[in-house]
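This report looks at one chain through its confidence, its sheets and the packing of its helices. The sequence and structure come first, and the description follows.

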Amino acid sequence: MSVCKLITHNFRNLVGATIDFHPDTNFIVGDNGSGKSSILEAIFYLGHGKSFRTSNVSNVVTNNFSKFVVSIQDEKCKQLGISRDSVTGDTEIKIDGQKQSRLSELAKNIAVQIITPESFKLFSGGPKERRRFLDLGLFHVKHDFSGHWRDFAKVLRQRNACLKNRDNIATLEYWDQAFCKHADIVSDYRHHYVSALVAEVRIWIDVLLPKISSEVEINYIRGWNSKRTLAQILSENRDRELSFGYSLFGPHKFDVKILFDKQPIESVLSRGQQKLFLLALTFAQAKLIEKVNQVKPILLIDDVGAELDINSRSLLSTAIDKLNCQVIITAIDKIVLEPFVPTNKNYKMFHVKHGDISVMSEC
């Protein structure tokens with residue numbers, strides 16, 4: 001889908017904003033603090049049910065208000081909306097005016113990928129950041145994955161409770177069996193997805209980082225020794241897990257190692273190269289979503305000029321031309337956007353100042 005219209009009420013400094021986007025390419029220019037990142041945040045909130053900038057709802061709501069509303073309309077006039085109250089904690093979700101009970105219903109209708117200056121945490125922030133990124137793509141590519149993950153998470157909580165309370169062996173063995181069963185299912189889903197993602201990433205690395213593409217490795221780590229069954233691992237480490245009081249092995253420990261010349265990528269590549277690699281990963285994930293769901297993903301790039309020189313921005317522009325998705329890019333200066341402005345297709349460019357949005361140009 002494409003976002004044709006975005007409407008916000010009391011979201012950050014977008015007190016009452018309405019933006020009509022182009023279905024393909026959009027640029028947003030504004031100073032720091034003007035509200036350009038808040039526009040991306042509002043779209044992201046609809047796709048994920050949360051902010052990429054804060055976990056505190058009160059930080060998202062405009063000062064002196066307790067509730068925000070964000071809604072969008074796509075090219076087929078389908079409407080998605082979410083509202084949250086920072087005082088009561090109430091969340092209301094609507095699709096075409098009908099109330100929904102799960103945030104996941106929004107995600108099934110809109111596939112949002114984002115790159116921000118904070119996205120470097122994918123490399124430096126530990127396994128949790130990488131699990132979050134990969135599971136997001138897997139959710140869109142395999143809709144039933146989320147159900148399997150919820151089943152596994154329930155069993156994990158039960159097993160951890162047994163380990164913490166040092167329950168009798170019979171009870172622990174019961175949860176071990178359930179744990180291994182669901183762990184294998186989740187692990188298989190992830191392994192197949194990571195394999196597909198790695199193959200797709202290779203294509204985008206060749207475009208964005210052609211000089212170093214042959215030296216990049218992405219290794220899947222499932223969360224326990226791949227040469228042993230999980231049941232064997234649990235049996236051999238029972239006393240150790242009991243002493244810790246929680247599960248030390250399983251898909252909740254899943255990770256991917258991203259290496260360049262056998263070294264962690266963040267310790268070898270420049271910030272600009274790391275950002276291009278992040279973009280390659282994001283483009284690959286967007287492409288997998290498009291292939292499987294036949295859904296046009298939405299790509300958000302915040303502060304595109306940060307860490308990228310003119311040559312890198314030209315490479316990125318070439319890559320964007322190869323994507324079939326709606327792109328919304330922010331920048332502080334219009335000059336930074338020059339490599340991205342299409343010469344043979346339509347686009348829109350907006351200016352934001354103190355939360356007020358105006359159209360600069362459209363073709």
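The predictor's confidence in each residue is expressed as pLDDT, on a range from 0 to 100. The model described here is predicted, and its chain averages a pLDDT of 89, with 98% of the residues scoring at least 70. Confidence is lowest in helix α3 (residues 104-107), where the mean is 78, whereas helix α8 (residues 230-236) has the highest value in the chain, 96. Where pLDDT is low, the predicted coordinates should not be read in detail.

**The two sheets**

One open sheet consists of six strands, arranged in the order β2-β1-β4-β5-β6-β7 with antiparallel pairing. Its edges are formed by β2 (14-20) and β7 (98-100), each of which pairs on one side only, and the twist from one strand to the next averages 15°. Within this sheet, I72 has L80 of β5 as its bridge partner. Helix α1 (residues 36-48) lies across β1 (3-11), β2, β4 and β5, and its direction runs at about 100° to β1.

The other open sheet has three strands in the order β9-β10-β11, and here too the pairing is antiparallel. The edge strands are β9 (216-221) and β11 (263-264), each pairing on one side only. N219 stands opposite K257 in β10. Helix α7 packs on this sheet, where it touches β9 and β10, and the direction of α7 makes about 175° with that of β9.

Two of the strand pairings can be set out together.

| Strand | Partner strand | Bridges | Direction |
|---|---|---|---|
| β4 (residues 67-74) | β5 (residues 79-85) | Seven | antiparallel |
| β9 | β10 (residues 255-260) | Six | antiparallel |

**The packing of α6 and α7**

Helix α6 (residues 145-165) packs with helix α7 (residues 169-208) at an angle of about 150°, and their axes are 9 Å apart. Because angles over 145 degrees count as roughly antiparallel, α6 is roughly antiparallel to α7. The crossing of the two helices α6 and α7 is left-handed.

On the α6 side, the residues making the contact include F145, W149, F152, L156 and R159, while those on the α7 side include L172, W175, F179, I185 and Y189. Taken together, the residues of the contact between α6 and α7 divide into 15 nonpolar, four polar and four charged. Helix α7 thus takes part in two packings, with α6 and with the strands β9 and β10.

How values were computed:
Residues are numbered from 1 along each chain as its sequence is written. This is a predicted model: local features need pLDDT of at least 70, side-chain atom pairs count only at pLDDT 80 or more; totals for chains, interfaces and linings use all residues. Side-chain values use heavy atoms; hydrogens and water are left out. Helices (H or I, at least four residues) and strands (E, at least two) are DSSP runs, numbered from the N terminus. Axes are lines fitted to C-alpha atoms, for helices over the stretch in contact, and angles run from 0 to 180 degrees between N-to-C directions. Angles under 35 degrees count as roughly parallel, over 145 as roughly antiparallel, 65 to 115 as roughly perpendicular and the rest as oblique. A crossing is left-handed if the near helix is turned anticlockwise from the far one by less than a right angle, and right-handed if clockwise. Contact means heavy atoms within 4.5 Å. Ala, Val, Leu, Ile, Met, Phe, Trp, Tyr, Cys and Pro count as nonpolar, Asp, Glu, Lys and Arg as charged, and the others, Gly among them, as polar. Two strands pair if DSSP finds at least two bridges between them.
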